[in-house]
Amino acid sequence: GVYDLEPLANSFLNEIGFLDRSVIDTYGINSLTPENPCSGLFAYGSDEGIEFARQSGEITTRWRTQPSPVKNFILDANHSTSIIQLGDVKSPLFNATMSFIRSAGD
């Protein structure tokens, strides 16, 4: 996912100026660390750019400051094919997600 909005604010993706300081503070990575224990599963594809890997690592590190399990899962995929894996019962992502959901009840 895209968790750190700061780099986008100065890119061509923000030509219309929708990412201002208020939006970044409200929805950016600093607002995404849970205040209460909360398990997390973060995944990105090995065929994605280094920014996705950085952001996935950063959000995982932040979530590991609380006591619930957090996993960072690297897929053999890109941004589009990772979604396909989520719907494939034979894929590692599907199985990791199902294990994650089952463990939430423990």
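This passage describes the strand pairing, the nonpolar cores, the largest pocket and three individual residues of a predicted model.

The strand arrangement is considered first. Strand E1, which covers residues 40-45, and strand E2, which covers residues 70-75, run parallel and are joined by six bridges. One of the pairings involves Gly40, whose bridge partner in E2 is Val70. Helix H3, formed by residues 50-63, combines with E1 and E2 in a β-α-β unit that is right-handed.

Val70 also belongs to the largest nonpolar core, in which it is grouped with Tyr3, Ile29, Phe42, Ile59 and Trp63 to give six residues. When neighbours within four places in sequence are set aside, the contacts of Val70 are with Gly40, Phe42, Thr60, Trp63 and Arg64. Another core, of five residues, lies apart from the largest one and includes Phe73, Leu75, Ala77 and Ala96. In soluble globular proteins, nonpolar side chains tend to be buried together.

Within helix H3, Ser56 has a relative accessible area of 1% and is therefore classed as buried, the cut-off being under 20%. Beyond its neighbours within four places in sequence, Ser56 is in contact with Tyr3, Phe42, Ala43, Tyr44 and Asn72. Of these partners, Tyr3 and Phe42 are members of the largest nonpolar core, whereas Ala43 and Tyr44 are found in the lining of the largest pocket.

That pocket, the largest in the model, has a volume of about 170 Å³. The residues lining the largest pocket are Gly1, Ala43, Tyr44, Gly45, Glu48, Leu75, His79, Ser82, Ile83, Leu86 and Leu93. At least two residues of this lining are supplied by E1, and at least two by helix H4, which spans 81-86. Leu75 appears both in this lining and in the five-residue core.

Leu86, another of the lining residues, is touched by Thr97, which also touches Leu41, residues up to four places away in sequence not being counted. Thr97 is located in helix H5, residues 92-103, and its relative accessible area of 18% falls under 20%, so that Thr97 counts as buried.

A further serine, Ser22, is placed in helix H2, which comprises residues 21-27. Ser22 has a relative accessibility of 47% and is therefore partly exposed, whereas Ser56 is buried. Between Ser22 and Gln85 the separation is 63 residues in sequence and 35 Å in space, taken from C-alpha to C-alpha.

Notes:
Residues are numbered from 1 along each chain as its sequence is written. This is a predicted model: local features need pLDDT of at least 70, side-chain atom pairs count only at pLDDT 80 or more; totals for chains, interfaces and linings use all residues. Side-chain values use heavy atoms; hydrogens and water are left out. Helices (H or I, at least four residues) and strands (E, at least two) are DSSP runs, numbered from the N terminus. Buried means under 20% relative accessible area, exposed over 50%, partly exposed in between (1.4 Å probe, protein chains only). Contact means heavy atoms within 4.5 Å. A nonpolar core is a set of buried Ala, Val, Leu, Ile, Met, Phe, Trp, Tyr and Cys residues joined through side-chain atoms within 4.5 Å. Two strands pair if DSSP finds at least two bridges between them. A crossover is right-handed if, with the strands pointing away from the viewer, the path from the first strand over the helix to the second runs clockwise. On a 1 Å grid over the protein atoms alone, a cavity is a set of points where a 1.4 Å probe fits but cannot get out, and a pocket is an open set with protein on both sides within 12 Å along at least five of seven lines; lining residues have an atom within 4 Å of a point. Grid points are joined across faces, edges and corners, and a volume is the space filled by probe spheres set on the points.
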